[in-house]
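Thanks, everyone, for making the time; I would like to walk through a few packing details in this model. Please have the sequence and the coordinates open while I talk.

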Amino acid sequence: MRKLMNGKNLRILLCALMLAAGPAAEAQQARKMPRVGYLAAVSASADAPRLEAYRQGLRDLGYVEGQNIQIDYRHESLDLARLPSHAAELLRLEVDVLVTVTTNAAQAAKKTTGSIPNGFMGATDPIAAGPAETLARPGGNSTGITNVAADLAGKRLELLKETMPKATGVAVLWDRKAPGSIPQWEESQAPAKKLGLELYSMEASSVDEYVAAFAQAVKSDNNAVWVTLNPVANSNQKLIAELAIASGLPSICARGDYAENGCLMAYGPGYRMEGKDGARYVDRILKGAKPSDLPIEQPTKFELLINLKTAKRIGFTIPRSVLSRADKVIQ
């Protein structure tokens, strides 16, 4: 029989095992903090309310930034062609999940990430744009929340017509370079025809084009303007509102913050809730869920905001039938 180890040899062996296991154990412990990349195709200031809701959503789920989760942020509103390079940069940081805001950012992630999970927010039509295959079974590495902006195009035109029964021409501010804006323009056509409205294509892909676009919309005898969600518009809400006011055009927009920044009316899902829902997706993915198995969610609650300050500035009266339905009135 082999001789049993004496006490001295046993202590030496235990010390050796502890030393060998030390670096591996430390590395494993350091890796416990998940790392999330946050890529938004919008300015940091315009994204602030949604981002704060997203952070609060994480806190509600037990994540404390800097303690048990690390988040790296990239906001891009000036040159959207840089989105893929921002996505690649976040990947080099070895993030566990990539969160993308707007369809443009979701597309950039899809082209760049490969297998890293991507949870998107504010995507208009993720199926047509490419990040996902179906709502129920997204497939691949992308899932998240759609803003159904295109589906609500008709509802916004109905509100506009109810507010302005005599309106016949509506200018639509949209961006051909924004994959989320295109379906909003396209889905406006049929309901406009039913409402007796003629749509004017007010296409603009940069801030430099906005002044001329509004001037031409007025020259073309439009009675109002409807502003589609797109990254350039999202980052320049106050400018758009001021141009609409200066042009004497009542405006309807697709999200509440637009009304808070001067748009006459806004109808759509609350994007603060979208931020909290985005945090919930991150939590599920970090706990092992596969994006391909997480259905894409659509909002079910919508809010109507009316800005009476803007109405006063353009000398416009909101009918009581519309005003009484507002979830929030800005005075």
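Tyr38, Tyr54 and Tyr73 come together as one aromatic cluster, and I should say at once that we are looking at a predicted model. In total, 4 aromatic pairs are counted, and one of these is formed by tyrosine 38 and tyrosine 54, whose rings sit 5.3 Å centre to centre with 45° between the planes, a tilted arrangement. What does this pair tie together? Tyrosine 38 belongs to strand β1, residues 35–40, while tyrosine 54 belongs to helix α2, residues 44–60, so the pair links parts that are 16 residues apart in sequence. As for their surroundings, tyrosine 38 is buried, with a relative accessible area of 0%, and tyrosine 54 likewise counts as buried, at 0% relative accessibility.

There is one further ring to mention, tyrosine 267, over whose face lysine 155 lies, at 6.0 Å from the ring centre.

Let me turn to the helices, beginning with α3, residues 83–92, and α4, residues 103–113, which pack at an angle of about 55° with their axes 8 Å apart. That angle makes α3 oblique to α4, and the crossing of these two helices is right-handed. On the α3 side, the residues that take part are Leu83, Pro84, Ala87, Ala88 and Leu91, and they meet Asn104, Ala105, Ala108, Ala109, Thr112 and Thr113 of α4.

The second helix pair consists of α9, residues 210–219, and α11, residues 237–247, packed at an angle of about 30° with their axes 10 Å apart. Because angles under 35 degrees count as roughly parallel, α9 is described as roughly parallel to α11; α9 passes α11 in a right-handed crossing. Here Tyr210, Val211, Phe214 and Val218 from α9 are in contact with Leu239, Ile240, Leu243, Ala244 and Ser247 from α11.

Ala244 in α11, one of the residues that α9 meets, also brings me to my last residue, serine 251, since Ala244 is among the contacts of that serine. Serine 251 is found in strand β9, residues 251–253. Is serine 251 buried or exposed? With 4% relative accessibility, serine 251 counts as buried. Once its neighbours within four places in sequence are set aside, serine 251 is in contact with Val225, Ala244, Cys263, Leu264 and Met265.

Definitions and conventions: Residues are numbered from 1 along each chain as its sequence is written. This is a predicted model: local features need pLDDT of at least 70, side-chain atom pairs count only at pLDDT 80 or more; totals for chains, interfaces and linings use all residues. Side-chain values use heavy atoms; hydrogens and water are left out. Rings of Phe, Tyr and Trp (its six-membered ring) pair if their centres lie within 6.5 Å; planes under 30 degrees apart count as stacked, over 60 as edge-to-face and the rest as tilted. Helices (H or I, at least four residues) and strands (E, at least two) are DSSP runs, numbered from the N terminus. Buried means under 20% relative accessible area, exposed over 50%, partly exposed in between (1.4 Å probe, protein chains only). A charge sits over a ring if NZ of Lys or CZ of Arg is within 6 Å of the ring centre and within 35 degrees of the ring normal. Axes are lines fitted to C-alpha atoms, for helices over the stretch in contact, and angles run from 0 to 180 degrees between N-to-C directions. Angles under 35 degrees count as roughly parallel, over 145 as roughly antiparallel, 65 to 115 as roughly perpendicular and the rest as oblique. A crossing is left-handed if the near helix is turned anticlockwise from the far one by less than a right angle, and right-handed if clockwise. Contact means heavy atoms within 4.5 Å.
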